Amino acid sequence: MFKLFAVPPDLQPWLEAVVILRGSDALRESRFPAMLTSMLVLRLEGCVHCHGHSVPRAAWIAPHERPTVFAHEGGVHAVGLVLRPEFAACLLGGAARGLRNSILSMDEVLGRTGETAEGTMVRQAWAVLQGELRAHREDESQVTALLRFTRAVLGSAPDAEARRQQALSLWQAASRGLEASDLARPSGLGRRQFERRFVALWGFTPKQVRLLDRFNSTLHRALSGSPQDGAQLALEQGFFDQAHMGRDMRRLAGGALRTLHPRHESSGGDSHWPLQVGIRSRVQPSMRQPRKR
């Protein structure tokens, strides 16, 4: 139903996975949990709706702080990049920086890059990618095209790594769980200035990042490892108790942990494939690698 491709080492700081979805008519929806990652998705077949609105065929799915349900019409064939938060914060000429809870057409995102040299190069790479995906429908060719596009975006920003390190310094300061009065110390910024810059860059407050980090870590432990006592898992992940963990799971994943596992009869089958992508991309070092062309 979906194939997950490993990211080459040079792109691992920017991408979490490359995904190809070939859904049948029986797959009526896709259920996304809350996520800090974003996705660039190109739909080649089928129709998708969210909250009653049609999703663009080429869409940027920004990080979300709530679960999201996408309704399918017909068999959906889509290809996409699962992007680490650093991608949106540092690349595309800042066009996707700070976006959250949004689904935008890629034309709209790229229109924000402006008439800069970086924006022009990205738009040219995007045009090439769309042509390649129309011409080549084989999975390996599509993955190669997506990776080539990513390298072109990186090439449009010679200072991409420096931007990434600066952005990560803010992220790491927030992720360490510092008190609000101490957030400024690692970055040399005042508390309010730090929080404003953080939200402008990442789209979330430091507190929201810590909450979603804990959520993602809990999902990973619960769904990829051996069965674990719920109370013990809750304490290990920093929750007050199991009930506190359960509330967060229902609010951020759309269901209790036990119902999210793909083997559970109430999991909705393949509809939770985005959740499985996140888990498998962390635990399967032998994911299929695209052939070099």
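How many aromatic pairs does the structure hold? In this predicted model, the structure holds nine aromatic pairs.

**Aromatic and charge–ring contacts**

One of these pairs joins W171 and W202 in an edge-to-face arrangement, with 4.5 Å centre to centre and 65° between the planes. W171 belongs to helix α5 (residues 160-175) and W202 to helix α6 (residues 191-202), so the pair ties together parts that are 31 residues apart in sequence. Both W171 and W202 are buried. Elsewhere, ring pairs link F2, F32, F70 and W273 into a cluster. Two arginines also lie over aromatic rings, as tabulated below.

| Arginine | Ring | Distance to ring centre |
|---|---|---|
| R164 | W14 | 5.9 Å |
| R214 | F239 | 4.2 Å |

**Nonpolar cores**

In soluble globular proteins, nonpolar side chains tend to be buried together. The largest nonpolar core in this model comprises 71 residues, of which W60, F87, L92, W126 and L219 touch the most other members. Helix α4 (residues 139-155) supplies the largest share of this core, seven residues. Apart from this core lies another, of 21 residues, including L4, L21, V41 and F70.

Leaving aside residues up to four places away in sequence, F87 touches W14, L15, W60, L92, T150 and V153. On the same basis, the contacts of L110 are L92, V122, R123 and W126. L110 is located in helix α2 (residues 106-111). Its relative accessibility is 4%, and L110 therefore counts as buried, the limit being under 20%. Although L110 and V122 are 12 residues apart along the chain, a distance of 7.8 Å separates their C-alpha atoms.

**Helix α9**

Helix α9 (residues 242-253) has 12 residues; at 1.5 Å a residue it should span 16 Å, and because its end C-alpha atoms are 16 Å apart, the expected and modelled spans agree. At the N-terminal end, D241 acts as a cap of α9, with a side-chain oxygen 3.2 Å from the backbone nitrogen of A243. After α9 comes G254, whose phi is positive, near 90°.

Which residues of α9 are buried? They are H244, M245, G246, D248, M249, L252 and A253. These buried residues pack against α7 (206-224), α8 (230-236) and α10 (257-260).

Conventions. Residues numbered from 1 in each chain as written. Predicted model: local features only at pLDDT ≥ 70, side-chain atom pairs only at ≥ 80, totals over all residues. Heavy atoms only, no water. Core = buried A, V, L, I, M, F, W, Y, C linked by side-chain atoms within 4.5 Å. Buried < 20%, exposed > 50% of the residue type's maximum accessible area, 1.4 Å probe, protein only. Helix = DSSP H or I, 4+ residues; strand = E, 2+ residues; numbered from the N terminus. Contact = heavy atoms within 4.5 Å. Expected span 1.5 Å × (residues − 1). Polar contact = N/O pair within 3.5 Å; in protein donor to acceptor, adjacent residues only side chain to side chain. Phe/Tyr/Trp six-rings, centres within 6.5 Å; stacked < 30°, edge-to-face > 60°. Lys NZ or Arg CZ within 6 Å of the ring centre and 35° of its normal.
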